[in-house]
Amino acid sequence: MAADLWFDWLNGRRFGHDERLRAQVEAETARLAGRLLDHVPLPAGGTLVDVGCGAGLVGLAALARQPGLGVTFCDVSAPLLAQARARAPGGACRFIEAPATALAGVADASQDVAAARAVLAYVAAREVAFGELFRVLKPGGWLSLAEPVWRDEAQAVPAMAALAAGPPDPLKSARHKWKAAQFTGDAMAALTGYDERGLLMLARAAGFGEVHVRLEIDVEAAPAMSWAAFCALTPHPLAPSLAEIALSTAERAALEAALRPAVEAGSNWRTRRVAYVWARKPG
Ligand SMILES: C[S@@+](CC[C@H](N)C(=O)[O-])C[C@H]1O[C@@H](n2cnc3c(N)ncnc32)[C@H](O)[C@@H]1O
């Protein structure tokens, strides 16, 4: 099966190709999908569209809660849609290759729930996607989102640049190059250019009436992992891994000396920011 950027990330780069880490990452994303579904009713015999479904995480979790649901899985990645299809129970499931900005094949006012987890982050024309999510919902239907918020990481990069501009220090310059590569540049503009308030405004502009927004910030120790896995994993599908970022030998050695003990011991702190949005179409 041909792989692509999205398939490669969900099936390898997200957890540094480390199968033990994969189980931990998948348990964590299952928890996030569960939180997303907690916010909306799943009516028996109703319909749900999982936009940017990936391997089917949200739609399959919804089916586990409400087996009679008619789920439409949509994604731009054919390999991921095939993976979702292989995992799905069949029955009333549909699989559509379509972007969030043009949900061709999903009829107007046909869905009780429209869900997306970690998808709108990657869509530059987010207002168009919100319009599509609104269009496919029945009057009274619910939108539920859980999106990563990376704005703070991007905004920290200039301060790192200022620190690195002082007396030569391989650790400071390595930290700056690492975070600049993963969170700045044209390719990251859409990803880092929004926050929970922006999502609220987009929902209101699309026509949603009732809207709820919660930003959850968790600072916690990352699971223990090998240094090789840490260097191979990436925080999001558009980011290069630490191993792929151009660093001098001195910079790489300084970073390894500073981080490796905590990475291997499971005491390396990380911060996760997730914006949950749930909103109802008037009707
Ligand atoms: C981070 S993954 C999340 C996948 C899945 N929602 C989950 O929670 O596991 C991002 C997903 O968005 C999809 N995607 C990327 N750009 C998209 C677009 N413009 N429209 C719809 N889906 C898109 C990718 O193919 C990928 O499946």
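**Close-up 1. Ala-107 and Ala-109 share the loop between strand 3 (94-97) and strand 4.** Ala-107 is exposed, with 11 other C-beta atoms within 10 Å. The cut-offs behind that word: a residue is buried if 20 or more other C-beta atoms lie within 10 Å of its own, exposed if 12 or fewer, and partly exposed in between, with C-beta atoms placed from the backbone. Everything here comes from a predicted model, where local features need pLDDT of at least 70, side-chain atom pairs count only at pLDDT 80 or more, and totals for chains, interfaces and linings use all residues. Residues are numbered from 1 along each chain as its sequence is written. Ala-107 sits 65 residues from Leu-42 in sequence, and their C-alpha atoms are 19 Å apart. As for Ala-109, it counts as partly exposed, with 13 C-beta neighbours inside 10 Å. Its phi is near 50°, a positive value in a residue other than glycine. Strands and helices, here and below, are DSSP runs (E, at least two residues, for strands; H or I, at least four, for helices), numbered from the N terminus.

**Close-up 2. His-17 sits in the loop between helix 1 and helix 2.** Here is another positive phi outside glycine: His-17 has a value of about 55°. With 15 C-beta neighbours inside 10 Å, His-17 is partly exposed.

**Close-up 3. Helix 2 (residues 19-38) keeps its buried residues on one face.** Take the length check to start with: at 1.5 Å a residue, the 20 residues of helix 2 should span 28 Å, and the 29 Å between its end C-alpha atoms agrees. The expected span is 1.5 Å times one less than the number of residues. Buried here are Leu-21, Leu-32, Ala-33, Leu-36 and Leu-37. Seen down the axis, these buried residues fall within an arc of 145°, so they line one face of the helix; the arc is that of the directions from the helix axis to the C-beta atoms. On the face turned away from the buried side are the exposed residues Arg-20, Ala-23, Ala-27, Glu-28, Arg-31 and Asp-38. The packing partners of the buried residues are helix 3 (57-65), strand 4 (111-117), strand 5 (137-148), helix 10 (227-232) and strand 7 (269-280).

**Close-up 4. The largest nonpolar core holds 65 residues.** Such a core is a set of buried Ala, Val, Leu, Ile, Met, Phe, Trp, Tyr and Cys residues joined through C-beta atoms within 7 Å. Val-51, Ala-114, Leu-133 and Leu-143 touch the most other members. This core draws at least three residues from each of domain 1 and domain 2. Leaving aside neighbours within four places in sequence, Val-51 is in contact (C-beta atoms, placed from the backbone, within 7 Å) with residues including Cys-74, Ala-100, Ala-114 and Leu-133. Apart from this core lies another, of 13 residues, among them Ala-229, Cys-231, Ala-232 and Leu-242.

**Close-up 5. Helix 5 (residues 126-136) has a set of buried residues.** They are Arg-126, Ala-129, Phe-130, Glu-132, Leu-133, Phe-134 and Val-136. Their cover includes strand 1 (47-51), strand 4, strand 5 and helix 9 (196-206).

**Close-up 6. Thr-72 lies in strand 2 (residues 70-75).** Thr-72 is buried, with 25 other C-beta atoms within 10 Å. Not counting residues up to four places away in sequence, Thr-72 touches Val-49, Arg-94, Ile-96 and Val-106. Ala-114 is 42 residues away along the chain, with 9.5 Å between the two C-alpha atoms.

**Close-up 7. Domain 1 (1-149 + 194-219 + 269-283) meets domain 2 (150-188 + 223-267).** These bounds come from an automatic or database domain assignment. Taken over C-alpha atoms, the domain centres are 29 Å apart. The contact takes 16 residues from domain 1 and 14 residues from domain 2. On the side of domain 1 that touches domain 2, helix 1 (5-10) and helix 2 each supply at least two residues, and helix 1 gives the most, with three. The residues of that side divide into eight nonpolar, three polar and five charged. In this count, Ala, Val, Leu, Ile, Met, Phe, Trp, Tyr, Cys and Pro are nonpolar, Asp, Glu, Lys and Arg are charged, and the others, Gly among them, are polar.

Methods. Contact = placed C-beta atoms within 7 Å.
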